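Here is a short briefing to read alongside the structure. Please keep the model open as you go through the points below.

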Amino acid sequence: MDIENRLPPDLLEFSQRIPSFAWNLVIIASAILIGLFTKFIITRLFRIYAQRKDTDYSILRSIIVNLGPAVAYFIPLFLLNLFSPLMRMNKLYYQPLDKTIEILLTISFAGLLVRSVRILEDYIYHTYDLNKVDNLKERKVRTQIQFIRKIIVVTIIFLTIAIILLSFESMRKIGTGLLTGVGIGGIIVGFAAQNSLGNLLAGFQIAFTQPIRIDDVLVVEGEWGRVEEITLTYVVLKIWDERRLILPINYFIQKPFQNWTRTSADILGTVFLYMDHTVPVDAIREEFERLIVKSNLWDKRVKVVQVTDVREHVIEIRILMSSSTSSNAFDLRCYIRENLITFIQKNYPNSLPRSRNEFSNLGELEKYIQPAPAS
């Protein structure tokens, strides 16, 4: 090749002494070894600097973890692409080899771009940490970044495939001929994939209008759970008992559901007690206030005891309390319910629900008294 004439005289003389096959192997081995050595040096320097950080997160550590495997392929392929003109081989064999290296280099570069997106995602996850009581802003950003990352990755993969296919002359000719049928084909594909396209558009709408977010607490189809994952086509809801409810993403556009953390995680919890009419409400109120002040689950916003209904046999007492999260609210309700029932059983057992029968004379009472059996 012409590039061989640009080599230093000593190297050119050495290359002409050895067989072409051995020379080609030297070129390939040199490119791989230099690439791996360069990757090792860069990674080592980054790792030394990253170890100086006392925090759990480091941008350099994230670069090493995410880009390390991709760089291990990209640098040797890049150097091999540069050195390939130095190889001595027949044009019949050189062109397929050069095309293969070009395709592998394109795929490797796409891998670098995909992993770079992951570095950006790690940085945003570190900046917007979910481990807070009031994490509304963090959940907003994470929901958007997850959806955007998936769109970017799909776009990179699609463009990579397109670049590889269009690098073949035959594919370019076929593509030119197919342009005339794109309009009709687009209509057919649109009808065939309208549900998938609807889910994709619903995903865009959810990512930016955000009726739901990552880690939101929802009640859907009668199930309570947290949003664990939002993909381009479906949503994963982690139910309280570790089950997973999978729903198409357009479900959250078309059907009603409850979002308990739409604007904040604060929530009110209720406990209903059904007691006899003789129950001392003030005593229950005093015991409730004593119990709730002792609990760390109460966020000190709301604590109310009210008689909300009077029925034929019982009265309804509603106990209202506030908590910072729905999980805390559930535990607080159980704590108050258990302790109030115990308090009433010990101190006012006659106030528990019971049925009464009143008799106006002894004759009516005798109807309900069974005579003792004869001995």
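Helix H11 (residues 326–347) lies across E6, E7 and E8, and runs at about 20° to E6. Please bear in mind that this is a predicted model. The helix belongs to a chain with 12 helices and eight strands, and the points below start from its surroundings before turning to the other sheet.

**Helices on the three-stranded sheet**

- Helix H10 (residues 281–294) also has a place here: H10 lies across E7 and E8 and runs at about 160° to E7.
- Two packed helices are described by the angle between their axes and the distance between the axes.
- For H10 and H11, the axes come within 10 Å and cross at roughly 140°. That crossing makes H10 oblique to H11.
- The handedness of the H10 and H11 crossing is right-handed.
- On the H10 side, the contact is made by Ala283, Ile284, Glu287, Phe288, Leu291, Ile292 and Lys294.
- On the H11 side, the contact residues are Leu332, Tyr335, Ile336, Asn339, Leu340, Phe343 and Ile344.

**The three-stranded sheet itself**

- Strands of a sheet pair through backbone hydrogen bonds, either parallel or antiparallel.
- This open sheet has three strands in the order E6-E8-E7, and the pairing is antiparallel.
- Strand E6 (267–275) and E7 are the edge strands, each pairing on one side only.
- From one strand to the next, the twist averages 20°.
- E6 and E8 run antiparallel and are joined by nine bridges. Within the sheet, Gly269 stands opposite Met321 in E8.
- Strand E7 (residues 298–310) and strand E8 (residues 315–323) pair over eight bridges, again in the antiparallel sense. Here Val304 stands opposite Leu320 in E8.
- The connection from E7 to E8 is a hairpin through four residues.

**The five-stranded sheet**

- What is the order of the strands in the open sheet of five? The order is E4-E3-E2-E1-E5, with antiparallel pairing.
- The edges are formed by strand E4 (244–248) and strand E5 (258–259), and each of these pairs on one side only.
- At the E5 edge, two bridges join strand E1 (residues 217–220) to E5, and the two run antiparallel. Leu218 stands opposite Asn259 in E5.
- Strand E2 (residues 223–230) and strand E3 (residues 234–239) are antiparallel and share five bridges. A hairpin of three residues leads from E2 to E3.
- E3 and E4 are likewise antiparallel, with five bridges between them. They form a hairpin too, with four residues between the strands.
- Val235 is a handy residue for tracing these pairings: in E3, Val235 is the bridge partner of Ile230, and in E4 the bridge partner of Val235 is Leu247.

**Residues with positive phi**

- Most residues other than glycine have a negative phi, and most peptide bonds are trans.
- Asp215 has a positive phi near 75° and lies in the loop between helix H8 (194–209) and E1. Is Asp215 buried or partly exposed? Asp215 counts as partly exposed because its relative accessibility is 24%, which falls between the 20% limit for buried and the 50% limit for exposed.
- Glu221 also has a positive phi, near 55°, and sits in the loop between E1 and E2. With a relative accessibility of 54%, Glu221 counts as exposed, because the cut-off for exposed is over 50%.
- Glu242, in the turn between E3 and E4, has a positive phi of about 75°.

**The chain as a whole**

- How much of the chain is buried? Of its 375 residues, 34% are buried.
- The chain exposes about 23,700 Å², of which carbon and sulfur atoms supply 61%.
- Among the contacts in the chain with a separation of 6 or more, 67% are between residues 24 or more positions apart.

How values were computed
Residues are numbered from 1 along each chain as its sequence is written. This is a predicted model: local features need pLDDT of at least 70, side-chain atom pairs count only at pLDDT 80 or more; totals for chains, interfaces and linings use all residues. Side-chain values use heavy atoms; hydrogens and water are left out. Two strands pair if DSSP finds at least two bridges between them. Buried means under 20% relative accessible area, exposed over 50%, partly exposed in between (1.4 Å probe, protein chains only). Contact means heavy atoms within 4.5 Å. Accessible areas come from the Shrake-Rupley method with a 1.4 Å probe; for residues, only the protein chains shown count as cover. Axes are lines fitted to C-alpha atoms, for helices over the stretch in contact, and angles run from 0 to 180 degrees between N-to-C directions. Angles under 35 degrees count as roughly parallel, over 145 as roughly antiparallel, 65 to 115 as roughly perpendicular and the rest as oblique. A crossing is left-handed if the near helix is turned anticlockwise from the far one by less than a right angle, and right-handed if clockwise.
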